[in-house]
Every structure is written in C-alpha cells, then in structure tokens.
Amino acid sequence: MALLDRDEPSELSASELSRLRRRMRASSVAQLAHAVGGVGGAWGRYRRTGRGALVGVTEVDLIDEGIVGQASRRLFQVGVLADFELRNPVVLDAGGDLCVVERPDQLTTARALLDTYLVRDARASRVAAEVIVERLVRDGR
C-alpha cells in the first residue's frame, strides 16, 4: 500500500524494494487488490429506507484522482459498521447504492482507489484501475 501511496517503506532494503516494484508492475489490479487483502475489513451494500443525511460516515472522495461525477454506487467509510446500521435508515441490500466499509484508521489514497475498484460501479472501478496502473507505470514502481 505504501508504494501505491508513493511512500518508501524504510523496512525494506533497496534490492527488496526493487523486486517488489517489479512484481507490482507485472501484477493486474485484481492481483494487487487480492495481495493487500481486498477491502480489508467488514463492508456492506445498503439502500436507504428514509430521507436525510447519513450520520457518522465519511464519503470516499477521489476527485483529485480524476474520479468524479455521480456514480451509481457511492462509497463511504465508517469506524464501526454496526453503529452505522443503528444510526441510519438503511437496510442491507446486495444491489444497494451505498457501499460502506468499516475502517477505523485514516483512509489513504491507495486504499480509496482499491476500495473504489472493488466495490463501486463498473465505470468508477475501471477508472480506479486505470489510475492504479498509471501510478505504477509513471512512478516507476
């Protein structure tokens, strides 16, 4: 994840870092997502059963990465998924338009890109994959 966020992991030697970069460039985005554990936490798709703003959520925003516009599925991060379910008028729905990921830690751009690739609609997923590949190629990683 650190390499996708353009950080240099200090615990790796130069040769280990070089091998990791080469392996990442040779991998598909699906393989990278699998290697980092997928979404990496509990998540669900929901649909609203009422009106009003959602409480206790942070929308995952990738405008800086070129992923903009109305998606058919919106991605949110919460600290505790059960609290989200209790505080908001939602029900689990495999076809729902709200993708909610439980992640108590700070969201990084790389994690947001991978989450977008894994759980949002086809258009956003495709664009996220393109951004990930571009980061790997452009940055020589």
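This report describes the fold, the strand pairing and one helix residue of a predicted model.

**Overall composition**

The protein has 141 residues, and 38% of them count as buried. Its secondary structure consists of 5 helices and 5 strands. In sequence order these elements follow the pattern α-α-β-β-β-α-β-β-α-α. Among the contacts with a separation of 6 or more, 72% are between residues 24 or more positions apart. The accessible surface is about 7900 Å², and carbon and sulfur atoms contribute 50% of that area.

**Strand pairing**

Four strand pairs are set out below, each with one residue pair taken from it.

| Strands | Sense | Bridges | Residue pair |
|---|---|---|---|
| β1 (residues 43-48) and β5 (residues 98-102) | antiparallel | 4 bridges | Tyr 46 and Leu 98 |
| β1 and β4 (residues 90-92) | antiparallel | 3 bridges | Arg 48 and Val 90 |
| β2 (residues 58-59) and β3 | antiparallel | 2 bridges | Thr 58 and Gln 77 |
| β3 and β5 | parallel | 5 bridges | Phe 76 and Val 100 |

Strand β1 pairs with β5 in the antiparallel sense, and β1 also pairs with β4 in the antiparallel sense. Within β1, Tyr 46 has its bridge partner, Leu 98, in β5, whereas the bridge partner of Arg 48 is Val 90 in β4.

Strand β5 is joined to β3 as well, by 5 bridges, and these two strands run parallel. Val 100 of β5 is the bridge partner of Phe 76. Strand β5 thus has β1 as an antiparallel neighbour and β3 as a parallel one.

Strand β3 spans residues 74-78 and is mostly covered, with 4 of its 5 residues buried. What is the sense of the pairing between β2 and β3? The two pair in the antiparallel sense, over 2 bridges, and Thr 58 stands opposite Gln 77 of β3. In a regular strand, side chains point alternately to one face of the sheet and to the other.

**Val 133 in helix α5**

Helix α5 covers residues 122-138 and includes Val 133. Is Val 133 partly exposed or buried? Val 133 counts as partly exposed because its relative accessibility is 41%, a value that falls between the 20% limit for buried and the 50% limit for exposed.

Val 133 and Met 24 are 109 residues apart along the chain, yet their C-alpha atoms are separated by 9.5 Å.

How values were computed
Residues are numbered from 1 along each chain as its sequence is written. This is a predicted model: local features need pLDDT of at least 70, side-chain atom pairs count only at pLDDT 80 or more; totals for chains, interfaces and linings use all residues. Side-chain values use heavy atoms; hydrogens and water are left out. Two strands pair if DSSP finds at least two bridges between them. Buried means under 20% relative accessible area, exposed over 50%, partly exposed in between (1.4 Å probe, protein chains only). Contact means heavy atoms within 4.5 Å. Accessible areas come from the Shrake-Rupley method with a 1.4 Å probe; for residues, only the protein chains shown count as cover.
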